[in-house]
Amino acid sequence: MLSFFAVLIDGTIYASWLFLVAAGLTVIYGVMRILNMAHGSFYAIGAYTAASAIGWYFADGSGSAGMSFLILIGAALVAGLVVGLAVERGLLQFMYGRDEILMVIITYALLLILEDGMKLVFGVNPYFAYQPYTALGRSTIAGLKVSNYDLVLIGIAITVGVALWAWLERTNLGKILRAVIHDREVARAMGVNVRRMFTLTFLIGTTLGALAGALTAPSISVVPGIGVEVIVLAFAVVVVGGMGSIEGAAVGALLLGLSRAAAVHFAPQFELFVIYGVMSLVLAIRPQGLFGRTLARKI
Amino acid sequence: MRLDKTELALIGLAVVLLLGGLFAAPGWLIFLLTVALAKALVVQGVVMQMKAGLVSFGQGLFYCVGGYAVGMGGQFLGISAGLVLLAIGVVAAVVLAMILGLLMTRYREIYFAMLSLAFSMILYGVLVKSQELGSTDGFNVNSWTLLGQTISGGEQATHAVFVLTVIAAAAVAFFLNRYYRSSVGMTCEAIRENEVRVEYLGLSPRWINYANYVAAAAVSALGGGLTALATGHVDPDMAYWTTSGEFVFIALLGGTGSVFAPFLAAIVFSLVRTYAIEFLPNAWQMILGFTLLGIVVFLPKGLWSLFTRARVDAPVSAAPSSTSNTRTGGARA
């Protein structure tokens, strides 16, 4: 019973992390039809920026946990917006309208560039930003010690998910965005500035990626290569849930998070296997993912 | 059997490479060429699928299967004959591809890319967790024999793998040159152009993709096996997705215009990487990234189009005269 509960807690924590990582990817794909290979790099940039900012804030030995949270989120916003805007204006806006598979390759090139760009800016030594993590302490739930920081992470994931949903479904801008998702050409014919919507979407996507990185930074050591590991996990979540679907990403994250937690507790040698195993299984049964739309074939 | 120009050039190049490699080139260059040619075989597998409009971001799966078959055959089955080890790798990859292909051939575009990536990551996940196979470190390949001769390190080993690789590469290129002109090969290009119309012709794109997928797996596994023999080591990174990304990179660098293109691209890639890592260890990926962008934008048909473009474009620029029009037609036919 205890181990069942542990799987539930671990799985939910991991799922909320997966959702945060994958949300930006699915938003960008949903609107722009770009499978952003460089999403992991934005995650890493967010992590590096947050870790540097936290390190700088705590450099003199004092500092409050609440303030450090604001710094985390502020760092993510700055990193995601600045780098996202640079990438969208400097590169992607010239590539719109190309094949989906070609966009994968273009963003792959972007990933290679950003990976080394980070090494040049932040160096190759690890960064640590454990202060917010340790400051919150631990609590005991039904005999299990759980870090409060991880519980806050669950809250943030739910907030981000609900906010994205409400924004898409309940605001005017969201309505316009859904029109673009549904039919780009008709939306343009109705006077929607599709390119501006693309810029906006890309910035939201990259900022979400950076936010995921910034929130992860306190619980890991930030080293080169973290983005490359994360991107394939985000792919798995998005593919399972159906590409471009927010609720799909949430369900996909829960499914994968719980499966992985179960594997870690009962059969640790299958830890990595289980994520891609579930992904392949879902794709075999529902190629468009759990919440994806089927597309008619066109000649 | 009549040989066409490509095939004659192929045999000529292979002979030149062998003679030059064995009598003139320094050891490091032979090793670099060997690994580049072996990887080019994996790239040939990627290109085979690109011709059918599919981009595999998981060709490392078969590369890894070929490599691990060589390593495990020596380690656990006590087989030392190099050719047998390579054959085991190819057979293992073909069997795996025949199973996975049933699923893979249902997908196109980014779904194909993602699913192929997922399968290679599954293998990676299994290998890092298996202690008997050295986990993330992998393990060394035992010493092996070639036609009865024991190959154990030093210059002799470098030369043996080099000869084996050149011959294998030439043989694969020979096969591919004919394959691309066979009905299956031609239909692959038709599928890329318009899959629904291929169905109208009464053909099954799915089974043609299937045959192509399995053949590509065999070619890639051969490349993996040769790499394992050349470097004497295998590790799970062979199946990691960045390795597959590198193969896609080389495939795009060369283009799909000729069976020579992947070899050329792989050699250019290896040389550039060797020097870039030496001089700019923390920026060589960035160079690769900008190169890739440059290719996508300015040379969408790859480096190989530099050689063919002169032939096709020159008459077009002089289009108004009637004689050049017929030449244009001739060059395109």
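**Exercise 1. Decide how H3(A) and H9(A) are oriented to each other.**

Solution. H3(A) and H9(A) are oblique to each other, because their angle falls outside the named ranges (under 35 degrees is roughly parallel, over 145 roughly antiparallel, 65 to 115 roughly perpendicular, and the rest oblique). The starting point is that H3(A) and helix H9 (residues 194-216) of chain A pack at an angle of about 140 degrees, with their axes 7 Å apart. Here axes are lines fitted to C-alpha atoms, for helices over the stretch in contact, and angles run from 0 to 180 degrees between N-to-C directions. Helices themselves are DSSP runs (H or I, at least four residues), numbered from the N terminus. The crossing of this pair is right-handed. Among the residues that meet are Leu72(A), Ala76(A) and Gly80(A) of H3(A), and Phe202(A), Thr206(A) and Ala210(A) of H9(A).

Before going on, note that this is a predicted model, in which local features need pLDDT of at least 70 and side-chain atom pairs count only at pLDDT 80 or more, while totals for chains, interfaces and linings use all residues. Residues are numbered from 1 along each chain as its sequence is written, and chains are lettered from A and ligands numbered from 1 in the order in which they are written.

**Exercise 2. Describe how H4(A) packs against H12(B).**

Solution. Helix H4 (residues 100-122) of chain A and helix H12 (residues 284-298) of chain B have axes 7 Å apart and an angle of about 155 degrees. That makes H4(A) roughly antiparallel to H12(B). The contact (C-beta atoms, placed from the backbone, within 7 Å) includes Leu102(A), Ile106(A) and Ile113(A) on one side, and Leu288(B), Leu292(B) and Val296(B) on the other. H4(A) passes H12(B) in a left-handed crossing.

**Exercise 3. Find which helix gives the most to the side of chain B that touches chain A.**

Solution. Begin with the totals: 35 residues of chain B are in contact with 36 residues of chain A. On the side of chain B, helix H5 (109-128), helix H10 (241-254) and H12 each supply at least two residues. H5(B) gives the most, with 14 residues. H5(B) is largely enclosed by the rest of the structure, since 17 of its 20 residues are buried (20 or more other C-beta atoms within 10 Å, whereas 12 or fewer means exposed and anything in between partly exposed).

**Exercise 4. Compare the span of H2(A) with its expected length.**

Solution. The expected span is 1.5 Å times one less than the number of residues. For the 19 residues of helix H2 (residues 39-57) of chain A this should be 27 Å, and the end C-alpha atoms are 27 Å apart, which agrees. H2(A) is also mostly covered, with 16 of its 19 residues buried.

**Exercise 5. Are Met67(A) and Arg33(A) buried, exposed or partly exposed?**

Solution. Met67(A), which is found in helix H3 (residues 65-90) of chain A, is exposed, because 12 other C-beta atoms lie within 10 Å. Arg33(A), in the loop between H1 and H2 of chain A, is partly exposed, because 17 other C-beta atoms lie within 10 Å. Arg33(A) also has a positive phi of about 60 degrees although it is not a glycine. Most residues other than glycine have a negative phi.

Technical notes. Left-handed = near helix turned anticlockwise from the far one by under 90°. Contact = placed C-beta atoms within 7 Å.
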